[in-house]
Amino acid sequence: MTSNPETSTRDVDAVILVGGRGTRLRPLTVNTPKPMLPTANYPFLQHLLARIKAAGITHVVLGTSYKAEVFEEYFGDGSQMGLEIEYVVETEALGTGGGIRNVYDRLRSETVMVFNGDVLASTDLNAVLDTHYSKQADLTMHLVRVSDPRAYGCVPTDSNGNVTAFLEKTEDPPTDQINAGCYVFRRELIAEIPENRVVSVERETFPSILQSGRKVVGHVDTAYWRDMGRPDDFVHGSADIVRGIADSPLVEGRTGESIVDETAGVAGGVLLLGGTSVGRGVEIGAGSRIDGSVIFDGATIEPGAQIRDSIVAAGARIGANAHISDCVIGEGASVGARCELQGGMRVWPGVSIPDCGVRFSTDA
Ligand code: GTP
């Protein structure tokens, strides 16, 4: 099949894997699945869906498992976004490969674009598809070049762009190209993934496709890319959307130092900087300074508080003159006046730290 640039919709199915438990983002993911956490005031997944729609793909299948019902409650049939969204639930999580196999019956097109539901990227999706069609590939992988590839599995390619291996993490990687979590499959390959058991697409499916002699191609670029799986990446990714460093059609034309929901109450003399987002019904007291942070719906920030590179979950309260840096404050938690929290501390939902002048830190 070839692409037709004259048509605005593409004959491609999108599959998004959203079934993971998001353990690295706990406690934010105790009640909310990772792809539904607010970033720049939208559930993260909504930014990805908007990019998929902008690329002309309209049929989307979500492979869900953990907190599966939350997705359908929010997005419904997708018509409000101009999409047709279907949901396939894994009662026992089947892993990334098993999750792709599990949606096979819902696929309609010969070409299937699969996304990890926790990757923030600005790559041109149509350019990835064009690589797939022009190279007549069986599988095309988006590969991104990163400055420090040691934390990731690497995917080398030859001079024709064909993938030659899938390498585990190593201290001395032979290439700076890493798997960016977006793949284009020829549909028949998905039928070959074993059914009804846990399969890792990275460790099992890709190596076996390569070994079977199929044409596996890399679409390599240096576009914005971030795995949102850890709290520091989550806050920086959200800030990058707010500031327009990472593309999202949802905030186009509204980017800047902060995004504030119109129902939030922001007192005088408050500084909102560094890509901060402020959700629905948040109250921020006079003289507070919030920098590079994500404030979920219904949180209260009392006067004079200072918050930097942190996440304050729904309904949490930060007391007057508290200082919070690089922390996660769970849903409904309360941090007392004048407390100092820093160094990656995570306050569990509902926990209450009394007013104090004490400094809490995970730093040695
Ligand atoms: P951590 O527990 O913090 O590692 O997060 P995670 O569970 O989301 O795992 P990971 O970041 O490796 O997952 C990458 C993407 O695949 C995410 O969008 C997950 O939602 C998704 N995913 C992971 N495991 C499964 C699964 O068993 N089934 C489905 N449908 N999706 C999965």
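**View 1. Backbone atoms of L94, R21 and G63 beside the ligand in the predicted model**. A polar backbone atom of L94 lies 3.4 Å from an oxygen atom of the ligand, and a polar backbone atom of R21 is likewise placed beside a ligand oxygen atom, here at 2.9 Å. At G63 the partner on the ligand is a nitrogen atom, which is 3.0 Å from a backbone N or O atom of that residue. Taken alone, the ligand would expose 610 Å², of which the protein buries 82%.

**View 2. Residues surrounding the ligand**. The ligand is surrounded by 18 residues, and the closest of these are L17, T23, R24, E90 and G95.

**View 3. Helix α3 where it meets helix α6**. The axis of helix α3, which spans residues 95-102, comes within 7 Å of the axis of helix α6, which spans residues 201-211, and the two cross at roughly 65°. On the α3 side the contact is made by T96, G97 and I100, while α6 contributes V201, E202 and T205. By residue class, this contact between α3 and α6 comprises two nonpolar residues, three polar residues and one charged residue.

**View 4. The segment annotated as a nucleotidyl transferase domain**. An unreviewed UniProt entry lists residues 14-241 under the name "domain: Nucleotidyl transferase". Over residues 14-241 the chain of the predicted model is 28% helix and 24% strand, and the C-alpha atoms at the two ends of this stretch are 22 Å apart.

Methods: Residues are numbered from 1 along each chain as its sequence is written. This is a predicted model: local features need pLDDT of at least 70, side-chain atom pairs count only at pLDDT 80 or more; totals for chains, interfaces and linings use all residues. Side-chain values use heavy atoms; hydrogens and water are left out. UniProt positions are given in the numbering used here, feature names are shortened, and annotations may be inferred rather than shown by experiment. Helices (H or I, at least four residues) and strands (E, at least two) are DSSP runs, numbered from the N terminus. Axes are lines fitted to C-alpha atoms, for helices over the stretch in contact, and angles run from 0 to 180 degrees between N-to-C directions. Contact means heavy atoms within 4.5 Å. Ala, Val, Leu, Ile, Met, Phe, Trp, Tyr, Cys and Pro count as nonpolar, Asp, Glu, Lys and Arg as charged, and the others, Gly among them, as polar. A residue is near a molecule or strand if one of its heavy atoms lies within 4 Å of it. A polar contact is a pair of N or O atoms within 3.5 Å; within protein, one must be able to donate a hydrogen and the other to accept it, and residues adjacent in sequence count only if both atoms are side-chain atoms. Accessible areas come from the Shrake-Rupley method with a 1.4 Å probe; for residues, only the protein chains shown count as cover.
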